[in-house]
Amino acid sequence: MEKREKRYVPVVVRFETTGKLRPLVVEFDEEHQYVVDKVLDVRRAACQRVGGVGDRYTCLIRGKETYLWLEKGVWFVEAKK
Amino acid sequence: MDRRRHILHCDMNCFYASVEMQRRPELRDKPLAVCGSQEERHGIVLTANYIAKPYGVKTGMAIWQARQRCPHLVILPPDMDEYIRFSRMAREIYEDYTDQVEPFGLDESWLDVTGSVRLFGDPVAIAREISGRIKFELGITASIGVADNKITAKLGSDYKKPDAITRIGEDNYREIVYPLPVEDLLYVGPATSKKLRDIGISTIGRLAECPVEVLARRLGKMGAVLHTFANGRDSSPVQRSDHIPNIKSVGNSATTPRDLENEEDVKLMLLLLAESVCSRMRELVSRCTEVEIYVRDTELNSFSRQRKLAAPSCSSQELAQVGFDLFQKHYPWRRPIRSVGLRGAGLVEAQSSLQLSLFAEDQRRDKWERIDAAVDHLRQRYGYMSVRRAVLDTDPLLGRINVKDGHTVHPVGYFGG
């Protein structure tokens, strides 16, 4: 399996009136800012690959499904090494 | 009608170590132990993982002993906040199935799912679902025992580890439970175990078949209780989530970062402990009528002494003073002290009408209590360190311990006492 690392990332988020969070843009680094086209699913899950437990957002970014995690108020992704 | 209850006992395997392995994948194939911090001298193994256990690393062992048995052991300090977070998340899973969830420490819980079987399927199916969710949502494993009472359910969760479900019913009770060593039973500690083994009772089966009169003669009231436990006839209920136990005392103790050498040290520690105890009593809207101190010296000899108060109190000044009097009276100072504790017992409701007194001492007590309450309030808003007694700064090492919020996992008793 591809090596991955836990990478904390800044995320632009909208707070809905229902209290839900809707991640809008994942600012991976200077050159890579990913717009989240759609959130397909949110559930609590353990991230076994890089470690961590929190709310897992299944996001549609540029036609691909990607997991974005919110753990203790901080966002992270499983980044390629 | 089927009157049998359906009880699960969920036990998260090697809990502290599992949480650490979950969040640090690089440690998953290494022998690992979570240990009390060495600098503050609580240097014992709290939990070891399944890789370390075959080396003989056990809970309660000193760090140096563990290192001797397993030289490449990875030692981590505990992160209680994280373990509490995992424990809370597990509880949220349990509460999807029943509101009768009774925790036993951070890593174990009993669930009464008697009323949930029509909704979620038979108890083993519920256990399977919970086990799957703990794995998916928390990334760790649990062992679950399924039975018709709490004691047998616990034997079930202990029976096969890790990541297993064991159902114990009438059909397989003798086969599974009878050969187990008697020490596996809750409340058979070293002392009881010795008494039982002295009369030839080494397994739970032997205990179950022993006439109850013999046990009562040997062990008193506990003999009869253990006899019902061994026969799988425990009828104690699983407490509901919102159950508030009838608390009879509030205590705190601390193993200090350095030995206490003189009375000033002890006075300071008692003040710290009294503040914590009183603040917790105020949270419970109670006052205590009795003060108890506990002292353990560097050779681990310990004693406790108590005294009744003239009137109920939750003044930290007063509790510390009474504690200190007791100490002065009973400690001969043969050795320095390793840990001290203070307990307020005989709690009474603070709201119930207090006998007012004409004497000055009571007015003073009231004044001190109001000062304490104001301090609580300030600390709640601005943090523990925002307001402190000046005397605590005379010894920064001892004075900066926060006994109240510093993580003590208060032991819970099975009988809800």
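Rings of Phe, Tyr and Trp (its six-membered ring) count as a pair if their centres lie within 6.5 Å. On that basis, Phe303(B), Phe324(B), Phe327(B), Tyr331(B) and Trp333(B) form one aromatic cluster. The model here is a predicted one, and a search through the whole of it turns up 16 aromatic pairs over all chains.

Two of these pairs are worth a look. A pair of aromatic rings is described by the distance of the centres and the angle of the planes. Over in chain A, the rings of Phe28(A) and Tyr34(A) sit with their centres 6.3 Å apart and their planes at 65 degrees. Planes over 60 degrees apart count as edge-to-face, so that is the label for Phe28(A) and Tyr34(A). Phe28(A) itself is partly exposed, at a relative accessible area of 22%. In chain B, Tyr16(B) and Tyr83(B) make a stacked pair, with 4.3 Å from centre to centre and 10 degrees between the planes. This pair ties together distant parts of the chain: Tyr16(B) belongs to helix H1 of chain B and Tyr83(B) to helix H3 of chain B, 67 residues apart. Both tyrosines, Tyr16(B) and Tyr83(B), are buried.

Tyr16(B) has plenty of company in that respect, as H1(B) is mostly covered, with 8 of its 9 residues buried. The buried set in H1(B) includes Phe15(B), Ala17(B), Val19(B) and Met21(B), and also Ser18(B), Glu20(B) and Gln22(B).

Next comes the meeting of the two chains. Chain B puts 14 residues into the contact, and chain A puts in 14 residues as well. The size of an interface is often given as the accessible area lost when the parts come together. For chain B and chain A the buried area is about 1100 Å², and carbon and sulfur atoms give 44% of it. On the chain B side, Arg85(B), Phe136(B) and Glu137(B) supply 43% of the area that chain B buries against chain A, more than any other three residues.

As for polar links, there are 3 salt bridges between chain B and chain A. One of them joins the side chains of Glu92(B) and Arg44(A), at 2.8 Å from N to O. The tally of residue pairs in polar contact between chain B and chain A comes to 10, with both residues at pLDDT 80 or more. Helix H1 (15-23), helix H3 (80-94) and helix H5 (123-138) of chain B each bring at least two residues to the side of chain B that touches chain A. H3(B) has the largest share of that side, at 5 residues. Sorted by character, the chain B side that touches chain A splits into 7 charged, 5 nonpolar and 2 polar residues.

A few backbone oddities round things off. Lys161(B) and Pro162(B) are joined by a cis peptide bond, with omega at about -15 degrees. Pro162(B) sits in the loop between helix H6 (150-159) and strand E8 (164-167) of chain B. Lys72(A) has a phi near 50 degrees, a positive value in a residue other than glycine. Lys72(A) is found in the loop between strand E7 (64-71) and strand E8 (74-80) of chain A, and it is exposed, with a relative accessible area of 53%. Tyr187(B) also has a positive phi, about 80 degrees, although it is not a glycine. The loop between helix H7 (173-177) and helix H8 (190-198) of chain B holds Tyr187(B), which is partly exposed at a relative accessible area of 35%.

Methods:
Residues are numbered from 1 along each chain as its sequence is written. Chains are lettered from A and ligands numbered from 1 in the order in which they are written. This is a predicted model: local features need pLDDT of at least 70, side-chain atom pairs count only at pLDDT 80 or more; totals for chains, interfaces and linings use all residues. Side-chain values use heavy atoms; hydrogens and water are left out. Contact means heavy atoms within 4.5 Å. Buried area is the accessible area (1.4 Å probe) that two parts lose on being put together, summed over both. A salt bridge is a side-chain nitrogen of Lys or Arg within 4 Å of a carboxyl oxygen of Asp or Glu. A polar contact is a pair of N or O atoms within 3.5 Å; within protein, one must be able to donate a hydrogen and the other to accept it, and residues adjacent in sequence count only if both atoms are side-chain atoms. Helices (H or I, at least four residues) and strands (E, at least two) are DSSP runs, numbered from the N terminus. Ala, Val, Leu, Ile, Met, Phe, Trp, Tyr, Cys and Pro count as nonpolar, Asp, Glu, Lys and Arg as charged, and the others, Gly among them, as polar. Rings of Phe, Tyr and Trp (its six-membered ring) pair if their centres lie within 6.5 Å; planes under 30 degrees apart count as stacked, over 60 as edge-to-face and the rest as tilted. Buried means under 20% relative accessible area, exposed over 50%, partly exposed in between (1.4 Å probe, protein chains only).
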